[in-house]
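User: I would like to learn how to read disulfides and a nonpolar core. Could you take me through them with an example?

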Amino acid sequence: MTPTFLFLLILSLTDVSMSAPIDSEDQTGQSMDIMLRPQTDPKPPVLEDDIALPDTSSRNADPCTATGCKWPKTGRYVYVPYYISTNYTSKEANIIMKGLQSFNKSTCIRLVPWKPDDRHFLSFESRDGCWSKVGRQKKGQIISLEKKGCLSNHTVQHEVLHALGFKHEISRSDRDEYVKILFENIKPGKESNFKKVETNNLRTPYDFKSIMQYKKYAFSKNEMPTIVAKSDPNLDFGHAKQMNKNDIIRVNRLYNCCSKKTPCTISN
């Protein structure tokens, strides 16, 4: 590794963590990875396509956010350590870091580089598919971002929102007021992706433009819609490329981030 490359990597990590403490450990050198790589569990069973089942029971905010799966707040900020596998190239790692920056800029969440004494952290790895567990787990947790198909800004944001405690929009407890699920069009074995949960909706509306919203034809077996908006059956949705205002507001409300810099006013 050249000194110039190392300097540029440290500089980019500084941008990600903003005012949070910075650790200048090498996250790209193979020898450092062998010495300091955090230990995580192998891929767990997956529910709702990209939500990995937690260690004990399954957990818009998931009900577990009221019983222990929220990340702790220290002063004004919620520090979430992260580790990016050295299997990613520098270009691929930069895509992940760009997604992390968006949380640092719009919420009180601070994604900070992992240190060897961090027990709770996110480990970004190129596993099979795109998935994450919901909420903070008992130890290091994997966010799988497979190199082929998962390395995009919106996928990074989507999976990090899962790790912060959020489920899909379609799982909201009030979803039946807004959408109709056409189970007859769903692929066999994929019905669990449409399970409704007693979520904490944080006084926010169902949002078809949320980054957590499924596409209209998600898991369709016959190219017919599986989700239809009751207000407009012709409405198309599920194409968000980044978190919208309501996605950000939910994070701010769940983690008590509300301030002049991180407002919590609902966008209609």
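Analyst: The turns below treat the disulfides and then the core of this predicted model.

User: What is a disulfide, and how many does the structure hold?

Analyst: A disulfide is a covalent bond between the sulfur atoms of two cysteines. The structure holds four of them. With bonded cysteines counted along the chain, the pattern is 1-2, 3-6, 4-5, 7-8.

User: Which parts of the chain does the pair Cys-108 and Cys-257 link?

Analyst: Distant ones: Cys-108 lies in the loop between H3 and E4, and Cys-257 in the segment after H5, 149 residues apart. Their sulfur atoms are 1.9 Å apart. The link is left-handed, with -55° about the S-S bond.

User: Are Cys-130 and Cys-150, which form another disulfide, buried or partly exposed?

Analyst: Buried means under 20% relative accessible area. Cys-150 has 2% relative accessibility, so this residue counts as buried. Cys-130 has 23%, so this one counts as partly exposed. By contrast, both Cys-108 and Cys-257 are buried.

User: Which residues touch the most other members of the largest nonpolar core?

Analyst: A nonpolar core is a set of buried residues of certain kinds, joined through side-chain atoms. The largest one here has 38 residues, and Ile-96, Ile-109, Phe-124, Leu-145, Leu-161, Leu-164 and Tyr-255 touch the most other members. Helix H3 (90-106) and strand E4 (109-113) are among the elements that each supply at least two residues.

User: What does Ile-96 touch?

Analyst: Leaving out residues up to four places away in sequence, Ile-96 touches Ile-84, Tyr-88, Phe-124, Leu-145, Leu-151 and Val-156. A second, separate core of 13 residues includes Ile-170, Val-179, Phe-194 and Ile-227.

Definitions and conventions. Residues numbered from 1 in each chain as written. Predicted model: local features only at pLDDT ≥ 70, side-chain atom pairs only at ≥ 80, totals over all residues. Heavy atoms only, no water. Core = buried A, V, L, I, M, F, W, Y, C linked by side-chain atoms within 4.5 Å. Buried < 20%, exposed > 50% of the residue type's maximum accessible area, 1.4 Å probe, protein only. Helix = DSSP H or I, 4+ residues; strand = E, 2+ residues; numbered from the N terminus. Contact = heavy atoms within 4.5 Å. Disulfide = S-S within 2.5 Å.
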